[in-house]
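User: I have a model open and would like to go through its charged pairs, its buried spots and its pocket with you. Can we start with the charged pairs?

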Amino acid sequence: MQATLLDHDDTATTGDTTGPPGEPVTADEWAAHLATAAPGPQTAAMLGLLERGQLSTTGRIDALKAWERHTSWIQAQQVGLLADIEADALDARPDGMGWADYDWDFACEDVACALKLSGNTAAERLAVATALEGRFPTTVGLLERGEICYLQAKAVTEVTGTLDPEAAGRVEAMVVAKMPGQSVGQTGGR
């Protein structure tokens, strides 16, 4: 039997829907709270305790928003790991051993196997992560706070892919304030 956020709550038997001031009590209040809370390990654990059957339609929408914010937070953690994996692979190239033409990208293969992706998809994920970590820290911050989704962050790298770092930084500065209120298509200019 899985614990829920309401295991401590006796509103069903007492009818009392008040708790400590400012603290959520009902499932819908918890969902609304989690939809606006900064995503992280603690809130993810609480989110996992929400029972869908105890939520109203509004509560379900709030829970959906909370899950989406946490998905973005998790994807930001993956971006950091992927960028580190790519950097490790580039640092480990055996050029010093006379393999100047060494062409095999083991980071791509490792990621493809680990995440069950095609080589092309793994290469794209590594490239996007490296670009985000290296050129777009503000966008990564938005992703980590759950204010934008991964596809919006990826769109920033796609739109600026041919620009030099300085110009790309100016583009990011121009769009970063708007991105939390935009769809993926609006962020990517589609």
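User: Which residue forms a salt bridge with Glu-158?

Analyst: In this predicted model, Glu-158 forms a salt bridge with Lys-154, and the closest N and O atoms of the pair are 3.7 Å apart. Both residues belong to helix H8, where they sit 4 residues apart, about one turn of the helix. Glu-158 counts as partly exposed, at 40% relative accessibility, whereas Lys-154, at 15%, counts as buried.

User: And what else does Lys-154 form a salt bridge with?

Analyst: Lys-154 also forms a salt bridge with Glu-124, with 3.0 Å between the closest N and O atoms. Because Lys-154 lies in helix H8 and Glu-124 in helix H6, this pair ties together parts that are 30 residues apart in sequence. Glu-124 is partly exposed, its relative accessible area being 39%. Taken together, Glu-124, Lys-154 and Glu-158 are linked in a network of salt bridges.

User: How many salt bridges are there in the whole structure?

Analyst: A search of the whole structure finds 5. Another one of them joins the side chains of Arg-145 and Glu-147, at 2.9 Å from N to O. Both partners are partly exposed, with relative accessible areas of 41% for Arg-145 and 31% for Glu-147.

User: Back to H8 for a second: how many of its residues are buried?

Analyst: Helix H8, which runs over residues 150-159, is mostly covered, with 7 of its 10 residues buried. Those buried residues are Tyr-150, Gln-152, Ala-153, Lys-154, Ala-155, Val-156 and Thr-157.

User: What covers them?

Analyst: The cover over the buried residues of H8 includes H4, helix H6 (119-135), helix H7 (137-144) and helix H10 (184-187).

User: OK, H4 then. What about Arg-69, does a buried arginine have a partner or lack one?

Analyst: Arg-69, which lies in helix H4, is buried yet has no salt bridge. The nearest side chain of opposite charge is that of Glu-147, which is 5.8 Å away, and since a salt bridge needs a side-chain nitrogen within 4 Å of a carboxyl oxygen, the two do not qualify as a pair. Glu-147 does, however, meet Arg-145 in a salt bridge.

User: So what does Arg-69 touch?

Analyst: Not counting residues up to four places away in sequence, Arg-69 touches Ala-35, Thr-36, Ala-37, Ala-38, Pro-39, Arg-145 and Gly-146. Arg-145, the partner of Glu-147 in the salt bridge just mentioned, is thus among the residues that Arg-69 touches.

User: There's an aspartate in H4 too, Asp-62. Buried or exposed?

Analyst: Asp-62, found in helix H4, is buried, with a relative accessible area of 13%. Leaving aside neighbours within four places in sequence, Asp-62 is in contact with Asp-28, Ala-31, Ala-32 and Ala-35.

User: And Gly-59, what is that one in contact with?

Analyst: Gly-59 also lies in helix H4 and is buried, with a relative accessible area of 0%. Apart from its neighbours within four places in sequence, Gly-59 is in contact with Asp-28 and Ala-31. Gly-59 and Ala-32 are 27 residues apart in sequence, and their C-alpha atoms are 6.7 Å apart in space.

User: Switching to the largest pocket: what is its volume, and which residues line it?

Analyst: The largest pocket has a volume of about 160 Å³. Its lining is made up of Leu-47, Gly-48, Leu-50, Arg-52, Leu-55, Arg-60, Ile-61, Ala-63, Leu-64 and Trp-67. By class, this lining has 7 nonpolar, 1 polar and 2 charged residues.

User: Which helix gives the most to that lining?

Analyst: Helix H4, covering residues 57-91, gives the most, with 5 residues.

User: Last one, the backbone. What is the phi of Lys-116?

Analyst: Lys-116 has a positive phi of about 55°, although it is not a glycine. As a general rule, most residues other than glycine have a negative phi.

User: Where is Lys-116 found, and is it buried or exposed?

Analyst: Lys-116 is found in the loop between helix H5 (106-115) and H6, and it is exposed, with a relative accessible area of 77%.

Key:
Residues numbered from 1 in each chain as written. Predicted model: local features only at pLDDT ≥ 70, side-chain atom pairs only at ≥ 80, totals over all residues. Heavy atoms only, no water. 1 Å grid on protein atoms, 1.4 Å probe; cavity = no way out; pocket = protein on both sides within 12 Å on 5 of 7 lines; lining within 4 Å. Points joined across faces, edges and corners; volume = space filled by probe spheres on them. Helix = DSSP H or I, 4+ residues; strand = E, 2+ residues; numbered from the N terminus. Nonpolar A, V, L, I, M, F, W, Y, C, P; charged D, E, K, R; others polar. Buried < 20%, exposed > 50% of the residue type's maximum accessible area, 1.4 Å probe, protein only. Lys, Arg positive; Asp, Glu negative; His and termini not counted. Contact = heavy atoms within 4.5 Å.
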